[in-house]
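Subject: Structure for you to look at

Hello,

Here is the structure I said I would pass on. Please open it alongside this email and follow the residue numbers as you read.

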Amino acid sequence: MHIVILGCGRVGSTLAHTLEDMGHTLAVIDQDPDAFRRLRSSTAKAAVTGLGHDRDVLLSAGIENASAFCAVSSGDNSNIISARVARETFGVTNVVARIYDPRRAEVYQRLGIPTVGTVRWTADTILRRLIPGDPGLAHGGPLWRDPSGSLVLTEAPLTATWVDRRVEQLEAALPLRVAYLSRAGELLLPRGDETLRAGDVLHVLARSSDIDTVQARLRLHESEGNGG
């Protein structure tokens, strides 16, 4: 595959080296020539100076033959504009953009541009680990959302209501699917007959329209759960 990367910071340079080691050809775009100092000599031969949404720059980077485009510069606007040009003008199939603002990320996901968050996603994940089960974190945003915005992946620490029940019982009671769970530091892909244990952290898939209901039901106290 030929892959074009916008942004030669730590993420961009690491991606470039990794992809090169995997045997792919690539080009790295950055408007700051000094940024290419992060690249080893073999990778630096593929450096292109300029703006990621500039047609001539993209052509110089081999965008017409690219199977993938990754925008990881420091600017949200540059990333999303460049990603859209790569997809809509040059027909690149696999396109991803790093977006710092989570509100923008949701909008661009719905436009069909997969996005990867950074600081906000990391902070939310850390908070969930620090304060498991805190209802104030339930609305911190999903861990993943599909491009259409209709399906989300969210994290939910297991409450006493669901301890000792089977995964299939939880899925039958709530509009969700258990994607995987974290137990004692290990990630598990549970079968339907897997019994849930105290301390499990669930990662569940649900429709966006159902997520509030799912979060509320997962936080039910024991007495409420037994009553419904």
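Below is what was found, taken region by region.

Please keep in mind that this is a predicted model.

Start at strand β1, residues 2-6. Five of the five residues of β1 are buried, so the strand is largely enclosed by the rest of the structure. Its side chains point in two directions: His2, Val4 and Leu6 go one way, while Ile3 and Ile5 go the other. Both groups are buried. Next to β1 runs β2, parallel to it, and five bridges join the two strands. If you want one pair to look for, Ile5 stands opposite Val28 in β2.

His2 also has a neighbour from another part of the sequence. Ala66 sits in the loop between α3 and β4. The C-alpha atoms of Ala66 and His2 are 4.7 Å apart, although 64 residues separate them in sequence. Ala66 has a relative accessible area of 13%, and because the cut-off for buried is under 20%, Ala66 counts as buried.

After β1 the chain enters a loop that leads to α1, and Gly9 is in this loop. Is Gly9 buried or partly exposed? Its relative accessibility is 26%, so Gly9 counts as partly exposed. From the C-alpha atom of Gly9 to that of Arg37 is 9.8 Å, and the two residues are 28 apart along the chain.

Now the nonpolar core. In soluble globular proteins, nonpolar side chains tend to be buried together. The largest nonpolar core here has 21 residues. Those with the most contacts inside this core are Val4, Ile29, Leu58, Ile63, Phe69 and Val92. At least two residues each come from β1, β2, α3, β4, α4 and β5. Which of these elements gives the most to the core? It is α4, with four residues.

There is also a pocket to find. Rolling a probe the size of a water molecule over the atoms shows where empty space is left. The second largest pocket has a volume of about 350 Å³. Its lining is made of 21 residues, and Gly7, Asp30, Val72, Ser73 and Ser74 lie nearest the centre. Both α1 (10-21) and β2 (25-30) supply at least two residues of that lining. The largest share, three residues, is from α1. Sorted by class, the lining has eleven polar, seven nonpolar and three charged residues.

Last, go further along the chain to β11, residues 201-207. This strand is mostly covered, with five of its seven residues buried. Two strands pair with β11. One is β8 (residues 151-157), which pairs with β11 in the antiparallel sense over seven bridges. The other is β9 (residues 177-183), also antiparallel to β11, with five bridges. To place these pairings on the model, find Val204 in β11, the bridge partner of Thr154, and then Leu205 in β11, the bridge partner of Arg177.

Thr154 deserves a second look. This residue lies in β8. Why does Thr154 count as buried? The reason is its relative accessibility of 3%, because buried means under 20%. The side chain of Thr154 also makes a polar contact of 3.2 Å with the side chain of Gln215.

Regards

Notes. Residues are numbered from 1 along each chain as its sequence is written. This is a predicted model: local features need pLDDT of at least 70, side-chain atom pairs count only at pLDDT 80 or more; totals for chains, interfaces and linings use all residues. Side-chain values use heavy atoms; hydrogens and water are left out. Buried means under 20% relative accessible area, exposed over 50%, partly exposed in between (1.4 Å probe, protein chains only). Two strands pair if DSSP finds at least two bridges between them. On a 1 Å grid over the protein atoms alone, a cavity is a set of points where a 1.4 Å probe fits but cannot get out, and a pocket is an open set with protein on both sides within 12 Å along at least five of seven lines; lining residues have an atom within 4 Å of a point. Grid points are joined across faces, edges and corners, and a volume is the space filled by probe spheres set on the points. Ala, Val, Leu, Ile, Met, Phe, Trp, Tyr, Cys and Pro count as nonpolar, Asp, Glu, Lys and Arg as charged, and the others, Gly among them, as polar. A polar contact is a pair of N or O atoms within 3.5 Å; within protein, one must be able to donate a hydrogen and the other to accept it, and residues adjacent in sequence count only if both atoms are side-chain atoms. A nonpolar core is a set of buried Ala, Val, Leu, Ile, Met, Phe, Trp, Tyr and Cys residues joined through side-chain atoms within 4.5 Å.
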